[in-house]
Amino acid sequence: MQLPQILVDAYDAYKGKIVKPSDNLLHKTTGLLQNGMNARAFGEYPSPEALGDARWTDELILSTWYMAETGKVPSDMNFKTGKSDGGFDRLDFQFLPEEEWLEHSEEIDTAIPLNRRADGKHDLGIDIPWYGGGMSYGSVSINVMMARAKNAKRWNSYMSTGEGGYPTELYEVKENVITQVATGYFGVEEETIQAAPIVEFKYAQGAKPGLGGHLLAAKAGEEVAKLRGSVPFVSLFSPFPFHSTYSVEDHSKHLDWIETVNPQALLSVKVSTPHDVDMVAVGSYYAGAHIIHLDGSYGGTGAAPEIAKKNIAMPIELAIPKVHKFLQKEGVRDKVTLIASGGVRTADDIAKAIALGADGCVLGTTDLVGMGCTRCANCEGGPSGRGCPWGLTTTDIELQEWVQQDWAEMRLDNLYKAMQWRLRDILRKLAMDDVSQLRGRTDLLRYIGKEGVE
Amino acid sequence: MIIAFSLYRANLGVRMLESTTELEYAEVDGKLTLDRFSSQSTKIARETADSYHRYHIDTEEVEDADPLPHRFLVEVGKVGLATLLAKETLHYFRPWDPNFDVIFARPCTYGVFSGPVGGFAPKPELCVGCMRCAVQHPEFVKVLPNPDLLELGDSYTTHGHITAIDEEARKGMVPVRGQGYRGRFGGPGFDGMLTDMSEIVRPSRDGIHGRELIGTSVDIGSKPMHLTFDSDGRITGPTPEMFTIQVPFVFDLPPGDLGTEELARVVTSTAAEIDTIACLDASLVLREGLDSPYIAPVMDAVMGSRASQFPNARMIELTLTPGRPWGWDCSGFEAACDATDAIVAVRIAFEEGWQDLMSNAIDAGAKVIHLLADLHGEGSDGTFVTELFKEAHMMLIEQGCRDEVTLIGAGGIVGADHVPKAIISGLDAVALDLPVLFALQGRSHGSLKERALVSGTLPKNLDENWAQQRLTNLCGSWRDQLLEILGAMGVREVRRLRGEFGRSMLVSHLEYEAFEDISGYVGGGS
């Protein structure tokens with residue numbers, strides 16, 4: 001049998017045809033990339049003609065780069081919304097008259113608690129109402145993973161491992177790393193569960209609900225395979241769903257199992273957004289979840305069938321109010337943390353998600369864009385089979401070096417500063433001094449027609 | 001059912017029931033008892049099991065014959081590039097360590113600058129739009145969307161649909177990409193419908209996803225709601241009149257000027273390969289000698305008596321007589337039924353009065369209705385096909401004859417996701433028209449709305465084997481994508497998806513539920 005060329009190339013790369021870049025090459029390439037990103041973000045050159053799409057416009061990408069470089073929001077670009085013609089892009093805030101605004105202040109509290117059950121487990125919280133979503137080792141490089149994890153530590157927040165195991169380097173920041181248990185159990189070990197302050201059960205992913213996980217062969221190199229207990233250069237498909245779960249009772253047993261291994265860990269349940277997502281959320285609460293994490297259908301992925309991304313399950317904007325209201329009706333809303341993800345791009349999106357009923361959000365693509373992603377959609381390997389040419393979603397020996405940890409961590413730190421600033425800006429214009437006051441306040445939102453979309 | 005029956009095997013079930021009368025077991029071997037019926041059933045089941053093979057579409061990547069315009073144009077300023085090379089040579093070159101790997105490092109992992117003179121002669125056909133070169137060298141590199149690609153298709157069948165079909169027909173695989181959804185929120189037509197999924201249910205406990213056990217076969221024809229027997233065990237009432245195809249799509253009559261002889265041969269051989277049917281002009285079928293079980297000759301209703309000219313066909317389709325658009329041509333239908341043992345289907349356009357026409361056809365005994373919207377998926381009053389298919393489906397339910405009539409529908413089906421959405425809306429199977437043209441790398445000219453006015457050309461010197469493989473690949477890809485949707489829902493057979501509106505979610509409804517109390521929201525959907 002003849003192997004596909006893409007696999008032959010990947011194997012050749014692994015065997016040494018592609019090598020770690022020399023210091024000179026690293027210096028040259030990272031210098032050009034970083035200077036180029038800054039020049040584009042600062043408007044020294046026109047926006048690249050082929051950059052952006054309806055959800056992430058060129059302005060949104062470049063403004064995210066600007067924030068990642070400066071720690072400030074730009075004054076001459078739309079850093080708030082895309083042009084998708086619906087959802088977050090059609091929602092805006094009804095701010096109070098200017099004379100009622102609060103002063104911009106670091107006293108405006110953006111922290112939220114994660115454990116609302118008062119059950120004696122870790123009393124965890126985060127200083128900003130968002131944390132990093134699961135991106136596995138293999139789907140992204142170790143440099144990207146460590147930059148995100150270190151930045152999470154810096155912000156007293158978290159980052160999920162995704163389903164790809166727990167690289168040794170992560171133990172350095174284990175207090176801020178969520179261990180994900182997904183349907184393939186790749187890399188799930190007693191040790192990694194015991195290390196985690198939060199354990200996340202991933203039932204489904206918004207970009208490919210009901211389809212399990214995909215890591216295509218070209219990206220499943222030796223290190224990745226070793227961590228996942230698999231064979232190098234063989235495609236890895238996590239099944240769907242958990243083969244041991246057919247009911248809420250089965251789900252409850254899963255959570256009991258984690259509790260036995262790590263009694264103090266908070267339990268997060270990540271689900272996508274089917275029609276009965278409200279029932280799923282309540283079931284998860286009664287099974288013992290501290291965090292219900294909804295992942296909407298416009299969310300990111302390292303590889304997913306194109307047909308799944310748009311067509312299966314609902315966008316997060318439509319799922320949040322449904323779940324929030326149902327949890328309220330059931331009388332359990334204040335006993336569980338509702339986290340939203342899947343198409344949450346900006347501080348404005350986060351604020352809108354909270355106003356719709358979430359407690360906080362999870363970011364994935366935003367982090368990647370902050371580090372240079374242009375959303376070219378070749379994360380799965382692309383025609384080269386080597387993964388992301390920017391060095392983000394790849395474990396290619398050469399490419400992954402284009403993203404250096406310190407540089408990437410600095411950019412994420414800056415991006416988060418700008419986002420927190422913008423979130424406080426929104427809160428103060430609503431005369432709120434605590435982000436928790438915004439939850440469920442749909443009365444502060446307005447729906448704008450096409451003529452009002454920026 | 002995932003078992004792929006041959007035509008003979010597909011009819012075994014029907015024959016088993018008919019056996020009491022037509023095969024005359026009772027006369028040959030005595031009275032048919034329950035025990036004898038049981039033993040015959042066992043025998044047939046054994047034969048079927050012995051001939052079992054899992055249905056599969058053999059896909060194989062094929063080369064382009066007439067490639068689409070590439071996605072991007074890459075412009076490199078020659079002076080800028082030469083200046084860069086000079087600067088870097090001065091900066092990095094040392095006689096003892098020339099650093100050529102640094103000086104000639106190229107910012108593209110896809111080979112756009114891989115030619116002998118690198119960026120001086122870029123290869124835009126390899127560009128995937130990562131923009132790294134344009135960011136890394138903003139002074140002299142530009143990546144632009146290719147206007148030639150953007151011009152393909154029309155306002156409904158966009159270049160996005162065409163490039164997706166092209167890729168599916170080339171590779172025969174489910175397109176998989178990184179990053180999330182890139183398009184608009186919701187949208188009109190099929191875009192306004194989402195399919196549901198289940199967090200814990202799947203079609204089977206077996207296999208990675210259980211999706212290899214999902215059935216995509218559908219029955220074309222009529223199934224009685226129940227069987228009736230006399231005291232001797234003979235069937236006295238109607239028996240099933242149907243045949244089975246292995247995928248819920250057929251090839252429709254090529255619109256406009258696309259119905260060439262070579263296209264007819266390609267769809268015929270592909271229909272046989274994947275076990276479905278192709279609707280072709282009856283005169284073309286005769287002229288080319290294409291009569292086979294995989295062809296549904298389409299003829300004017302007044303020519304119904306000529307159905308006898310197609311002894312191998314399992315289905316004949318009748319269209320209405322021009323000039324008498326709203327009169328049900330009962331005589332033509334009856335003549336066709338008298339002339340052939342094949343199932344006689346009726347093609348009905350979604351024009352004013354289609355409901356009456358459909359009722360008349362069913363009253364006259366039509367078992368298959370082939371519904372036609374325009375190629376933008378709209379009826380003559382502008383209603384989109386999801387609503388029209390639903391109306392037709394509900395009419396049959398109200399008349400208590402849904403399983404006695406097969407609904408095939410066409411119009412606006414240009415993406416893999418449109419197949420399950422049309423079935424959810426009430427169809428048994430969809431008919432493919434324009435996707436055939438684009439799978440074969442044909443080009444359209446002008447509007448793609450009115451069937452009769454469609455104009456297109458296929459690649460010159462069309463290799464029919466190549467074309468058959470392309471079309472087979474498209475079908476394989478669309479079937480696999482259907483399996484993804486069904487697997488996510490936990491539905492084991494596509495037949496169970498028919499009219500399951502509850503398996504879909506409408507963006508307009510979801511939005512109303514989510515945003516109704518938000519100031520300024522007036523409904524209607526994004």
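I took contact to mean heavy atoms within 4.5 Å, and with that I looked up how the contacts of chain B are spread along the sequence: residues 24 or more positions apart account for 69% of the contacts with a separation of 6 or more. I note at the start that this is a predicted model.

**Entry 1, chain B as a whole**

I counted elements next, and chain B has 18 helices and 17 strands. Along the principal axes, I find that its C-alpha atoms fill a box of roughly 105 × 60 × 50 Å. Of the 526 residues in chain B, buried residues make up 56%. For the surface I noted that chain B exposes about 21700 Å², of which carbon and sulfur atoms supply 52%. I also looked up the charges, and the mean positions of the 46 positive and 76 negative charges of chain B lie 6 Å apart.

**Entry 2, chain A as a whole**

I then put the same lookups to chain A, which has 13 helices and 15 strands. The radius of gyration of chain A is 21 Å, close to the 22 Å that the globule rule gives for 454 residues, so I record chain A as being as compact as a globular protein of that length. The box that its C-alpha atoms fill, taken along the principal axes, is roughly 65 × 55 × 40 Å. I find 67% of the 454 residues of chain A counted as buried. Among contacts in chain A between residues at least 6 apart in sequence, 69% join residues at least 24 apart. The exposed area of chain A is about 15100 Å², with 48% of it supplied by carbon and sulfur atoms. Its 46 positive and 61 negative charges have mean positions 3 Å apart.

**Entry 3, helix 3 of chain A**

What span should the 13 residues of helix 3 have at 1.5 Å a residue? I get 18 Å for residues 58-70 of chain A, and the end C-alpha atoms are 18 Å apart, which agrees. I listed the buried residues of this helix as L60(A), I61(A), L62(A), S63(A), T64(A), W65(A), Y66(A), M67(A) and A68(A). Residues three or four places apart in an α-helix point the same way, because there are 3.6 residues a turn. What covers the buried residues of helix 3 includes helix 2 (23-41), helix 12 (365-370) and helix 13 (405-429) of chain A, together with helix 7 (132-136) of chain B. Just after helix 3 I noted G71(A), which takes a positive phi of about 80 degrees.

**Entry 4, helix 10 of chain B**

I checked helix 10 (residues 261-274) of chain B in the same manner: its 14 residues reach 20 Å from the first C-alpha to the last, close to the 20 Å expected at 1.5 Å a residue. Its buried residues are L263(B), A264(B), V266(B), V267(B), T268(B), T270(B), A271(B) and I274(B). I find that these pack against several elements of chain B, among them strand 7 (249-251), strand 8 (278-281), helix 11 (282-288) and helix 17 (464-489). Just after this helix, D275(B) takes a positive phi of about 65 degrees.

**Entry 5, positive phi in loops**

Most residues other than glycine have a negative phi. I therefore looked up N156(A), a residue other than glycine whose phi is near 45 degrees, a positive value,. N156(A) is found in the loop between helix 4 (142-154) and strand 5 (159-160) of chain A, and at 32% relative accessibility it counts as partly exposed. For Q441(B), also other than glycine, phi is near 55 degrees. The place of Q441(B) is in the loop between helix 16 (434-439) and strand 15 (443-444) of chain B.

Is Q441(B) buried or exposed? With a relative accessibility of 1%, Q441(B) counts as buried, because the cut-off for buried is under 20%.

**Entry 6, two further buried residues**

I found F242(A) in the loop between strand 9 (236-238) and helix 7 (248-261) of chain A, and at 0% relative accessibility it counts as buried. F242(A) and Y185(A) are 57 residues apart in sequence, while their C-alpha atoms are 9.3 Å apart in space.

E167(B) has its place in helix 9 (residues 159-171) of chain B, and it is buried, with a relative accessible area of 12%. Leaving aside neighbours within four places in sequence, I list G172(B), P175(B) and R177(B) as the residues in contact with E167(B).

Technical notes:
Residues numbered from 1 in each chain as written. Chains lettered and ligands numbered in written order. Predicted model: local features only at pLDDT ≥ 70, side-chain atom pairs only at ≥ 80, totals over all residues. Heavy atoms only, no water. Expected span 1.5 Å × (residues − 1). Buried < 20%, exposed > 50% of the residue type's maximum accessible area, 1.4 Å probe, protein only. Rg over C-alpha atoms; globule rule 2.2 N^0.38 Å. Areas by Shrake-Rupley, 256 points an atom, 1.4 Å probe, with all protein chains shown as cover. Lys, Arg positive; Asp, Glu negative; His and termini not counted. Charge placed at Lys NZ, Arg CZ, Asp CG, Glu CD.
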